[in-house]
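Visitor: Please take me through one part of this model in close detail. I would like to look at the ligand and what surrounds it.

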Amino acid sequence: MTEEFGLFIGGKWVVPAGAKRFVTKNPATGEELGSFVSATEKETTQAVDAAQAALRHWRELPAPKRGEILLEAAGIFRRRKDELGAFVSKEMGKILPEGKGDVQEAIDFVLYMSGEGRRLLGETVPSELRNKYCLTLRQPKGVVAAITPWNFPVAIPNWKIAAALIAGNTVVFKPASTTSRCGVEVGKVYEEAGLPPGVLNVVTGPGGSVGRVLTTDPRVKAVSFTGGTDTGRQVYRTAADALKYVHLEMGGKNPEIIMDDADLDLALDGALFGAFGSSGQRCTATSRLIVHEKVYDKFMEMFLKRLTTFKVGNPLTPGVDMGPVASADQESKVLEYLEIGKKEGAKLLAGGKKLKGGIYDQGFYVEPTVFEAKHGMRITKEEIFGPVLSVMKVPSYEEAIRIANDIDFGLSSSIYTRNVNLAFRAMDLLETGITYINAPTIGAEVQLPFGGVKNTGNGGREAGTTAIDEFTEIKTVFVDFSGHLQKAQIE
Ligand code: NDP
C-alpha cells in the first residue's frame, strides 16, 4: 500500500477535500514511494497565507534562537542520514553513497547556517559628519519561495530553506514533483525540529500551477529557483511583473581539460566520476572532455578500458558505480540525444543504448556513453543531463580554453595540468562560476559560493559567505547624536 502524504501548511499536514494525487516511483525498480497531493493555486495561496501570518513572529525571534532550531534540524538530518540517503537513491536513482552524500551536504549547510545566526553581519563605517554613526543591518525579505529540482532532492532545498530561515524569512517550498517524497521528508525534519507553524510550508504539485502562484502572488518577495534554463527564464519573466527578486541557478555543460603534462591516472578518475556520477545528472557533471592531442590516444585507451569495469545496476547494491536515470522523461531525453549524436556524425566510442534484460527491464537504465565529437555539434553544446560524455581532441591550450568557453552555459570547469602557469591562467580565463584545478568539475563545499555565469545564473551565488544575500535586504541606518541638524554634502 503506497503511503499517502498531505501538504504542509501552517504547521499541519493537510489533505484538501477532493484533492488530486500523483505518485513517485523508484526509477530502478518501478516501486511506488509515496502518493502526494497535486496542489492547486488555491492551496498554494493558502501556503502563502500561512507564511505571511508566521512572518512577524519569526523575523522578531532573535537570529541566534532561529539558529538553535536549525541546529536541531541538522541533528535530525544526521540521525536520519542513512534512511534519507536511501530515499534519495530510491527516488532519483543515484547510488547509495551519493544519496547519503546528498543528505550530508544538507547537514553541513544547515549547521553552517545555524552558526550564521550569530553573525548576519552588517557594516559600520565612519560618517563624514561629527557625532553621527552609520551602519547597515540585514533584514529578511519576507515570504520567499524555494523551487527546486530532483537531482539533489535533499541538499538543494536545504541550501535555500536554511539560508532563508536564518535570515528571518518564512518559506513556501515546492519540491520537484519527481522527488516529492524527499521534499516531504525535508518538511518533516523541520517540523520535528520545532519550527513554529507556517514558517516553512511544503507544497507538492505541478510546476505550472504551484509555480504560477509563487511567481505572481505579491506577498512572495523573493523566488529562489534551481532547475533547467527554459524553466528559469519562464520563472524570471513571470516574476518580473511583480518586480520580485529572483535568484536563478540553472543548467551546465561543464568541461574537463586534460593537458599533455597532466597526471593521466588522476584525470581519468576525475573524468569518470565527473561524467557518470549520479548518471551525469549533476548540474556540475563533466559533459565535455577536452584532451590535448599529444595524450589523446593514450588517455582514451585508458578511459575506455576502465569503462569496461564500470558497473550499472540498482543504486542500493554495493559495488554498483551508476544507477538508472531519474525518470522516463529523463530516459527519453537522453536516448534522443544519443540519436542526435549518431546522426550528426559523432563517433560512438562506448555505450549508446538503453540497457535491457534482467533488472534493467524494471527501470530507466542507459549505458554510460562516450562520443568522440567535434566542437559545435549539438551534443557538445546542449545540456543532456545524463551519462553522455563528448570527447574532443585539441592541438593547444588556447584551443582548449576557446572551446571550453564557446558555450552558452558557465557553471563549472576543470583543468588537469602540472604547469602552474597554465593552471593560474585557466582560473582567470575559464568563463564559469566554479573552476577546479586537478580535480573533477564536481565537488562543491558549502562554505564556498556556488553558482554560474552566462545562461547558468543571473548573478547570485548560493552557499558560502554569499548564502544569505539572496534572502536579505540591506538597511542603511544613520544615527545623529549631535543634537542639531547636520547636512551631508552641503556646507
Ligand atoms: P525543471 O526546470 O524541470 O524543474 C525545476 C523546478 O521547477 C521543479 O520543481 C519544477 O516543478 C518547477 N517548475 C516547472 N515549471 C515551473 C513554472 N512554470 N514555474 C515555476 N516552477 C516550475 O528542472 P529539473 O527538475 O528537471 O532539474 C534539472 C535541471 O536543474 C538541469 O537543467 C540542471 O542543470 C539544473 N540544476 C542546476 C543547478 C545549479 O545550481 N545551477 C543544480 C541542480 C540542477 P515540477 O517538478 O513539478 O515540474
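Guide: Start at the backbone of Met 250. One of its backbone N or O atoms lies 2.6 Å from a nitrogen atom of the ligand. Keep in mind that this is a predicted model. Taken alone, the ligand exposes 900 Å², and the protein buries 86% of that.

Two glycines also make backbone approaches. At Gly 207, a backbone N or O atom lies 3.0 Å from an oxygen atom of the ligand. At Gly 205, the distance from a backbone N or O atom to a ligand oxygen atom is 3.5 Å.

Now widen the view. The ligand sits in the largest pocket. Its shell holds 29 residues. Met 250 is among the closest, together with Ser 177, Thr 231, Cys 283 and Glu 383. By class, 14 shell residues are nonpolar, 12 are polar and three are charged.

Next, the elements behind the shell. At least two shell residues each come from α7 (207-216), β10 (220-226) and α8 (229-240). The largest share is that of α8, with three residues.

Last, the domains. Domain 1 (7-250 + 457-476) gives residues to the shell, and domain 2 (254-437) does too, so the ligand lies between them.

Note on methods:
Residues are numbered from 1 along each chain as its sequence is written. This is a predicted model: local features need pLDDT of at least 70, side-chain atom pairs count only at pLDDT 80 or more; totals for chains, interfaces and linings use all residues. Side-chain values use heavy atoms; hydrogens and water are left out. A residue is near a molecule or strand if one of its heavy atoms lies within 4 Å of it. A polar contact is a pair of N or O atoms within 3.5 Å; within protein, one must be able to donate a hydrogen and the other to accept it, and residues adjacent in sequence count only if both atoms are side-chain atoms. Accessible areas come from the Shrake-Rupley method with a 1.4 Å probe; for residues, only the protein chains shown count as cover. On a 1 Å grid over the protein atoms alone, a cavity is a set of points where a 1.4 Å probe fits but cannot get out, and a pocket is an open set with protein on both sides within 12 Å along at least five of seven lines; lining residues have an atom within 4 Å of a point. A molecule sits in a cavity or pocket if more than half of its atoms lie within 2 Å of its grid points. Helices (H or I, at least four residues) and strands (E, at least two) are DSSP runs, numbered from the N terminus. Ala, Val, Leu, Ile, Met, Phe, Trp, Tyr, Cys and Pro count as nonpolar, Asp, Glu, Lys and Arg as charged, and the others, Gly among them, as polar. Domain bounds come from an automatic or database domain assignment.
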